[in-house]
Amino acid sequence: MRFIPLIVARPEVQMAIDEAIMRARIEGKVPDTVRLYAFSPSSVTMGRFQSIVHDVNLDEARKLGIPVVRRITGGGSVFHDEYGEITYSVVVGEGLHPALKNVEDSYRYLASPLVDALKGLGLDAGFSGLNDIVANGKKISGSAQTRRKGVILQHGTFMYATRVEVLGRVLRVSKEKLKDKGVSSIWERVTTLEREGIKLTRWEAYELLKESFFNAFDLEEGELTDYELEMAERLVEEKYGNPKWNEMR
């Protein structure tokens, strides 16, 4: 498996790279791939089928200079804090491991390095529901997934120092959703490493996750191919940088 080192970029670029890797993998041009990346500036990504008006406070996002981009994966809206969040992405063929045939098992198999990393820091960490990871009972990571032609793209967050107050301003989290989780505010539901008493820099968080993914999978450091980079460039122009895609639904 190939590992792509840290890329820091705008949301439309990151989403385009993820899709370009998936397309290249479907075509058999690249191997299974893991990468870690960060957004700059801080950004919001929305699930493939979400309503931008119902799920994102666009006035607040604009005020704070936070771009909003739609993913090709499902799931909810996510705030990616450039000062406190690393995103992981895995593109693999379904044949890599038997667990990948089942949706819930696949989420856990592909995100297990995050749980291992949290446990290594001494936190009580584990999976919750279909696609969340909790630390000391609160959500610290969420993942989203899509499948095409026998290939899975799964990506998700790792909140080491996300500013929860900014998250609460830009995302519209319904009271019903909070009630379902047995809490009354976002503060009770979400946590970060910093809130659990562990302070890491971006580089330290990156190295922690990188080591955990290398321990879990047979990885070899590599780079994006010209084919993937050219496709990502096209996808930025035609899709992820296009309001028609981002503001649909």
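Q: In what order do the strands of the three-stranded open sheet stand?
A: This is a predicted model: local features need pLDDT of at least 70, side-chain atom pairs count only at pLDDT 80 or more, and totals for chains, interfaces and linings use all residues. Residues are numbered from 1 along each chain as its sequence is written, and side-chain values use heavy atoms, leaving out hydrogens and water. Helices (H or I, at least four residues) and strands (E, at least two) are DSSP runs, numbered from the N terminus. In this open sheet the pairing is mixed, and the order is β4-β3-β5.

Q: Which strands stand at the edges of this sheet, and what is its average twist?
A: An edge strand here has a single partner strand, so one side of it is left without a neighbour in the sheet. That holds for β4 (68-70) and β5 (78-80). From one strand to the next, the twist averages 25 degrees.

Q: In which sense do β3 and β4 pair?
A: Strands pair if DSSP finds at least two bridges between them. β3 covers residues 43-46 and has three bridges to β4. Val44 faces Val68 of β4. The sense of the pairing is parallel.

Q: What is the strand order in the eight-stranded sheet?
A: This sheet is open too, with mixed pairing. At its edges are β7 (125-128) and β11; each has a single partner strand, so one side of each lacks a neighbour in the sheet. The order reads β7-β8-β9-β10-β6-β2-β1-β11.

Q: How many bridges join β1 to β2, and how many join β1 to β11?
A: β1 spans residues 2-9, and β2 spans residues 33-39. The two run parallel, with Val8 opposite Ala38, and six bridges join them. β11 (residues 220-221) also runs parallel to β1, with Arg2 opposite Glu220. The bridges between β1 and β11 number two.

Q: Do β2 and β6 run parallel or antiparallel?
A: β6 covers residues 85-93 and is joined to β2 by five bridges. One bridge pairs Leu36 with Tyr88 in β6. The two strands run antiparallel.

Q: At what angle does α1 run to β2?
A: Helix α1 spans residues 11-26. It lies across β1, β2, β6, β9 (138-148) and β10 (151-159). Axes are lines fitted to C-alpha atoms, for helices over the stretch in contact, and angles between N-to-C directions run from 0 to 180 degrees. For α1 and β2 the angle is about 170 degrees.

Q: How are α1 and α9 oriented to each other?
A: The axis of α9 (residues 226-240) comes within 8 Å of the axis of α1, crossing at roughly 125 degrees. Contacts (heavy atoms within 4.5 Å) involve residues including Met15, Ile17 and Ala20 of α1, and Met231, Leu235 and Val236 of α9. Under 35 degrees counts as roughly parallel, over 145 as roughly antiparallel, 65 to 115 as roughly perpendicular and the rest as oblique. The two helices are therefore oblique.

Q: Which residues does the cis peptide bond join?
A: Omega of this bond is about 5 degrees. The proline, Pro41, sits in the loop between β2 and β3. The bond joins Ser40 and Pro41.

Q: Where is Asn136 found, and what is its phi?
A: Asn136 belongs to the loop between β8 (132-135) and β9. Its phi is positive, although the residue is not glycine. The value is near 50 degrees.
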